[in-house]
Each structure stands twice: as structure tokens, then as C-alpha cells.
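Hi everyone, and thanks for making time for this. I'd like to walk you through a structure that may be new to you, so please have a look at it while I talk.

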Amino acid sequence: MDKKNSVIGVLLLVAAFAFLFLGQRFAPPPPPAPEVAPSQAPLPTAENQATPAASQPVSSAPADAEFAALSESNDDEVLTTLENDYLRVSFTNFGGAIGEVAFKHYESRLESGMPFVFNQPRVEPILAINDVPGLGSKTAYRLVSATDTEVVFRAVLEGRVEVTRRYSLGTDTEGSDPYLIRHDTTMRDLSGNGSPQTLAAFNLGTTSLVSPSDYGQYLNVMSWNGEDETFTKPAEMEGGGFLATIGLKDGAPKSSLTKGDNVVWAAAKNQFFVSLYTGDTVGLNTTARRVELPPFPGSSRPNKGITGVVNYTVPAIAPGGSVEMGGTLYVGPKEYTRLREFGQKQSEVMQFAPFFFSKMMLSGVIAPMLNLTMVKMHEWVGNWGVAIVLMTLILKLITLPFTLAASRSAKKMSKLQPLMKEVREKYKDNPQKMNEATIKIFKENKVNPMGGCIPIFITMPLFVAFFAMLQGTAELRFSDFLWVADLSAPDTVWRLWGLPLNIMPLLMGATMVYQMRLTPTPTTDNAQAQIMKFMPIVFTLICYNFAAALALYSTVNGVFTIIQQVIVNKTTKDPGEVVDPTKPVKSTEWNPKKTKPKKKK
């Protein structure tokens with residue numbers, strides 16, 4: 001065995017022993033034996049109940065204790081409804097909170113005619129209060145009053161604290177929003193002894209995946225502290241993972257995760273809808289839990305859910321005094337044009353830059369501008385597909401000077417390829433000479449080798465931002481265009497042995513292949529040329545199951561580029577004979593420094 005192989009063998013042995021050692025050291029401890037839950041203490045008795053809480057809503061007992069239990073309906077529950085042209089809000093007397101919210105402008109399923117209902121199924125009502133002694137989501141309140149725009153609940157806890165909860169629904173007028181619900185809770189001391197400072201957890205609701213094609217990228221509990229956002233995703237509580245496998249992380253599943261600080265607002269959201277609470281005071285943090293849900297109808301893929309609370313400090317109540325806690329709840333679609341008006345960066349729930357590379361590509365800056373442009377286009381033409389086409393054409397016109405320059409540069413580069421191939425063969429054993437000769441060729445022929453990359457640097461951020469913007473824009477959900485029934489989902493028209501036939505990505509791939517045939521090849525390297533030929537196929541496969549809106553954008557972009565390239569190929573003059581600076585100048589060539597011989601007299 002030679003020295004090199006001996007070193008490799010020793011390193012592998014060291015790595016194997018290190019893996020065994022670290023695996024034992026950081027392995028999670030065995031799970032403890034399940035404990036029998038103690039019987040639940042009697043619930044506080046609320047005085048003057050309009051509907052006695054003879055029995056309380058019960059929670060289903062999950063098979064896995066790591067999941068939050070879903071609440072089940074109860075015959076003693078009293079529902080009160082507020083509604084406007086956009087929402088139908090059902091309040092429940094249990095917890096004096098919001099049971100569920102129906103969005104009148106968004107269907108639950110395509111052509112179902114039924115509205116999408118947020119917080120159904122649910123763990124607890126939205127804005128139900130927990131962690132206050134004697135107060136919880138199962139406390140029965142009395143309905144004090146209900147008008148067309150306001151609902152008031154009240155409960156008295158053991159004769160010592162009166163809790164009044166008031167809700168008013170927003171309107172579609174200037175300075176308001178129909179998806180806003182104002183909430184105020186007053187706690188008044190009745191005992192004359194006051195109450196100490198305590199904590200209160202306000203529930204944000206339960207949300208889940210919106211369809212079988214939703215992979216949960218935007219399913220999380222989020223908070224904003226005025227400078228940075230914090231996310232908690234279900235996957236963070238599942239345990240396992242690569243880092244846990246190599247012993248660098250605790251791989252045990254978690255029943256809950258508490259994150260964030262100085263919470264200005266907090267939200268529970270999925271791909272298209274959000275429950276976002278902005279308190280009048282700053283919250284402490286958020287706590288999230290996973291929810292186990294049944295698979296979608298007709299699909300074996302399991303659904304995922306998440307619920308969360310935002311935690312606040314309740315100040316001490318002076319004897320005979322009271323404290324107020326309030327805030328504004330936005331529960332509705334993720335429409336950027338609405339959320340940007342709220343003034344405390346609530347539009348960050350759009351999550352326009354979800355990944356590190358999308359932050360590098362300035363997606364958080366570009367995507368909002370694209371969204372506003374697309375919405376404006378829709379106001380003019382009334383169809384989201386046409387709006388995307390028009391916006392794509394505008395973006396192409398803006399970047400046209402750069403792409404034209406790149407096309408001309410690529411044509412010149414293709415003219416130089418035979419000469420550069422000769423240089424590579426001539427100096428294949430001397431890289432320094434080869435680089436010097438290559439630079440000389442570019443200089444003498446006035447070609448910028450980076451010229452062809454400029455359009456990529458410009459269009460790539462646009463593509464990344466467009467992709468991020470389309471993923472979470474609720475307006476595109478169930479919006480049709482030509483044969484596409486839903487621009488926010490793949491345009492599957494048929495299935496063969498379970499495999500989807502998506503037309504729009506195939507058109508996108510066809511335009512990319514034809515576009516590549518028209519574009520001069522900037523390299524003579526056979527390996528690179530083969531890779532470039534396969535790029536349209538790879539790109540088509542990657543985008544095959546993406547939203548049809550993204551494929552529509554890429555297809556229109558490709559068609560425009562093909563037309564542009566045809567025009568460039570026909571109108572661009574031939575760059576002429578290539579100058580080869582590596583060859584010596586022939587003696588017959590004209591030399592301005594050479595003086596003419598004098599004639600003999």
C-alpha cells in the first residue's frame with residue numbers, strides 16, 4: 001500500500017471512530033414511559049351565564065402526544081355571527097373568541113361554490129386566552145350584546161375578576177379594511193384585593209396546507225419585532241434530520257417551540273391565508289405546535305397543520321381597578337396591496353425572500369414591485385393571465401438594451417471560437433501563455449467576454465422575484481387563463497399512470513430549445529456545449545410542477561426572446577475578419593512606420 005492510500009485509510013478509520021463516539025454522546029435519551037394524565041380540575045364557574053356550560057368542548061385525544069389536539073363541536077356552544085361583503089365571522093361563547101372565519105371571495109375548492117374557512121378544523125378559537133389563572137379557551141362567556149358590527153362577551157371568574165371581550169368588524173372604507181377585526185379585553189377586579197401580574201397567551205388560530213400540491217413552504221408561525229422576522233415551521237418540531245444523525249443536534253421530536261422577542265405582531269399562515277394579530281402592546285414571544293390532520297380527499301399525502309399563540313404580560317390589577325388589552329386582527333388572504341397599508345411591516349407575511357439565495361437576488365425588494373405592477377395590470381385588463389403576459393412584455397422591453405448588446409457580443413464570440421480553439425491547442429502545456437493570448441484576442445477584436453452574462457445578471461433576479469411573488473399571491477388562486485384552471489397550481493390536463501401532463505412547462509421547454517438553436521454558441525468546448533443543450537430539459541423538469549403562472553411568464557419571455565434573436569441575426573452586420581494577434585505580421589502587409597526608399601537621381 002502506498003503512502004497516499006495509507007493516509008486515506010487512517011483518515012477513514014478516524015472518521016468512523018469519531019462518528020461512533022459522537023453518535024453515542026449526542027444520541028437523544030430514550031423516551032420516558034408515558035404518564036397517566038391527572039384528572040382535569042373543575043373549570044371556573046362564570047356567573048350570570050346566558051348559556052350554562054353544562055358540558056365544555058372536548059378535544060380529540062391524538063395518537064401522538066407531540067401534536068396539539070383538535071377541538072370538537074359541542075351542543076352547548078352558542079355562535080354569534082358578524083359579516084360584511086368579504087367575511088363571515090363566527091364567534092363562540094367558549095373562550096369569548098372567534099371560532100372560524102369564512103372568506104366570501106375565496107372558494108374552498110375550485111368551482112365548489114363554498115367559501116374558504118380559516119381556523120377549521122381548529123385547536124382553539126382565535127384570540128382565546130390561556131395561561132391566565134381561571135381563564136381559558138373552555139371558559140363559557142355570556143353574550144352581552146350583538147349588533148351588525150360589534151359583539152361583546154362577558155364572564156366573571158369565581159366572583160373576583162370580570163372579563164369583558166369586545167369585537168368590531170372593519171368596513172371597506174378609507175382608513176379601514178374589511179378583513180380587520182378590532183379586539184379589546186378588559187379585566188376588572190371585583191374582590192377589592194387586586195390581582196398580581198401574570199401572563200396571557202392569545203391564540204392565533206390553526207392553519208394547514210391548502211392543497212395536495214402545497215409542500216408547506218409558507219406554513220408557519222411568524223413574528224416581527226420591528227427589525228427582524230422569526231419563523232417556526234412544523235418541520236422544526238418533527239425531530240431527526242442530518243445534523244441529528246451525525247450527533248450535532250437533538251433529534252427528538254418537540255411538542256412545542258417558543259421563539260421571538262418584543263413581538264410587534266404575530267401570525268399563523270399558510271401559502272395564501274393568514275391570521276395576523278397586532279397588539280397595542282409589545283408581546284413577549286410566540287409558541288407554536290404541530291397539528292395532525294387527515295389526508296386531502298382523494299390523496300394519500302398527509303396534510304400538515306400548525307397552531308400558535310402570542311404571549312403577553314398582563315399588568316397587575318389594583319384593588320377595584322382594571323387593565324385593558326387590545327389589538328387588531330387581520331384574518332384574510334395574503335394580498336400585498338392590503339397588507340402594505342397597515343404601517344408596521346405586516347406585508348412581511350408575504351415572505352417574498354424565503355431563501356438565502358433569494359435574499360441575495362434582492363427578491364424582497366423586487367417582488368413587491370412586481371406584485372404592484374401585476375395588480376395594476378389586472379385592474380386594466382381584468383384577467384390575471386393577461387396581466388402576467390403584459391407585465392412580462394414590459395420587463396422584456398426594459399431589459400431590451402442589455403439583451404441586444406449581449407446578443408451582438410455572443411455573435412462576435414462565436415466568430416472567435418475557431419481562433420480560441422487553436423490557441424488552447426497551441427498553448428495547452430502553458431496556461432500562462434494561453435491566458436495572455438486569449439486576452440490579446442479579446443482586446444484586438446474588441447470583444448467583452450462578460451458581455452453575454454449581463455442579461456443573466458439582470459433577468460435572474462427578476463425570475464427569482466417573480467417566482468417568489470407568484471408562490472404566495474392569493475389573487476392568483478383559482479384564476480383561469482386559456483386552458484389553465486388555476487394559475488397558482490400546475491396546469492395538469494391529464495394523467496397517465498398517475499403522471500401529470502402539464503402543458504405550460506412543456507411549451508416553456510420548447511421555447512428554450514428553439515431559443516438555444518438561434519443563439520450563437522459562445523464556446524467550442526464539447527462538454528460545455530452538451531451541458532448547454534441539456535439545460536432546457538433540466539430546467540423544464542425542475543419547473544414541471546411549479547405554478548402555471550411561472551411557466552406562463554417563462555414561455556412568454558422565451559417567445560419574445562426568440563423574436564428578438566431572429567431580428568438580431570438578420571440585422572446585425574457580420575463582424576468581419578477576425579484579427580489573430582498571435583500570428584506575426586506578414587512583410588507584405590502595410591506598415592505605416594516603414595518609410596519609402598528614396599529614388600536615385
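Let's begin with one residue, L395. Is L395 buried or exposed? With a relative accessibility of 12%, L395 counts as buried, because the cut-off for buried is under 20%. Please keep in mind that what you have on screen is a predicted model.

So where does L395 sit? You'll find L395 in helix α6. Setting aside residues up to four places away in sequence, L395 touches L370, L462 and Y553. There is also a pairing to look at with T459: L395 and T459 are 64 residues apart along the chain, and their C-alpha atoms are separated by 8.9 Å.

Let's stay with that helix for a moment. Two packed helices are described by the angle between their axes and the distance between the axes. Here, helix α6 covers residues 384-398 and helix α7 covers residues 400-426, and the two pack at an angle of about 60 degrees with their axes 4 Å apart. How are α6 and α7 oriented to each other? They are oblique to each other, because an angle of about 60 degrees is not under 35, not over 145 and not in the 65 to 115 range. On the α6 side, the contact is made by K396, L397 and I398, and on the α7 side by L400, P401, F402 and T403. Sorted by type, the residues of this contact of α6 with α7 come out as five nonpolar, one polar and one charged.

Now let's step back to the whole protein. How many helices and strands are there in the protein? There are twelve helices and 21 strands. The protein has 601 residues, and 43% of them count as buried. If you take the contacts with a separation of 6 or more, residues 24 or more positions apart account for 67% of them. As for the surface, the protein exposes about 32800 Å², and carbon and sulfur atoms supply 60% of that.

With that in mind, let's visit some strands. T207 is in strand β11, which runs over residues 198-208. T207 is buried, at a relative accessible area of 4%. Which residue's side chain does the side chain of T207 make a polar contact with? That partner is N270, at 2.9 Å. Apart from its neighbours within four places in sequence, T207 is in contact with quite a list, including F118, L219, A268 and K269. K304, G305 and I306 are also among the contacts of T207.

Another strand residue is V282, which has its place in β16, residues 273-283. Not counting residues up to four places away in sequence, V282 touches N262, V263 and Y312. The C-alpha atoms of V282 and T313 are separated by 8.9 Å, while the two residues are 31 apart along the chain.

Next, the loops. Find N84, in the loop between β2 (79-83) and β3 (87-92). N84 is a loop residue, and N84 is buried, with a relative accessible area of 16%. What does the side chain of N84 reach? One target is the backbone nitrogen of Y86, at 2.8 Å, and another is the backbone oxygen of G170, at 3.2 Å. Leaving out neighbours within four places in sequence, the contacts of N84 are K104, L169, G170 and P178.

Last stop: some backbone details. Most residues other than glycine have a negative phi, and most peptide bonds are trans. With that background, look at the loop between β5 (115-118) and β6 (129-130), where P121 lies. The peptide bond from Q120 to P121 is cis, with omega near 0 degrees. N119 is found in the loop between β5 and β6 too, and N119 has a positive phi of about 70 degrees although it is not a glycine. N119 is buried, with a relative accessible area of 1%.

For a second positive phi, go to E158, in the loop between β8 (150-157) and β9 (161-169). E158 is not a glycine either, and its phi is about 50 degrees. Is E158 buried or exposed? At 52% relative accessibility, E158 counts as exposed, because the cut-off for exposed is over 50%.

That's my tour. Thanks for listening, and I'm happy to take questions!

Notes
Residues are numbered from 1 along each chain as its sequence is written. This is a predicted model: local features need pLDDT of at least 70, side-chain atom pairs count only at pLDDT 80 or more; totals for chains, interfaces and linings use all residues. Side-chain values use heavy atoms; hydrogens and water are left out. Buried means under 20% relative accessible area, exposed over 50%, partly exposed in between (1.4 Å probe, protein chains only). A polar contact is a pair of N or O atoms within 3.5 Å; within protein, one must be able to donate a hydrogen and the other to accept it, and residues adjacent in sequence count only if both atoms are side-chain atoms. Contact means heavy atoms within 4.5 Å. Axes are lines fitted to C-alpha atoms, for helices over the stretch in contact, and angles run from 0 to 180 degrees between N-to-C directions. Ala, Val, Leu, Ile, Met, Phe, Trp, Tyr, Cys and Pro count as nonpolar, Asp, Glu, Lys and Arg as charged, and the others, Gly among them, as polar. Accessible areas come from the Shrake-Rupley method with a 1.4 Å probe; for residues, only the protein chains shown count as cover.
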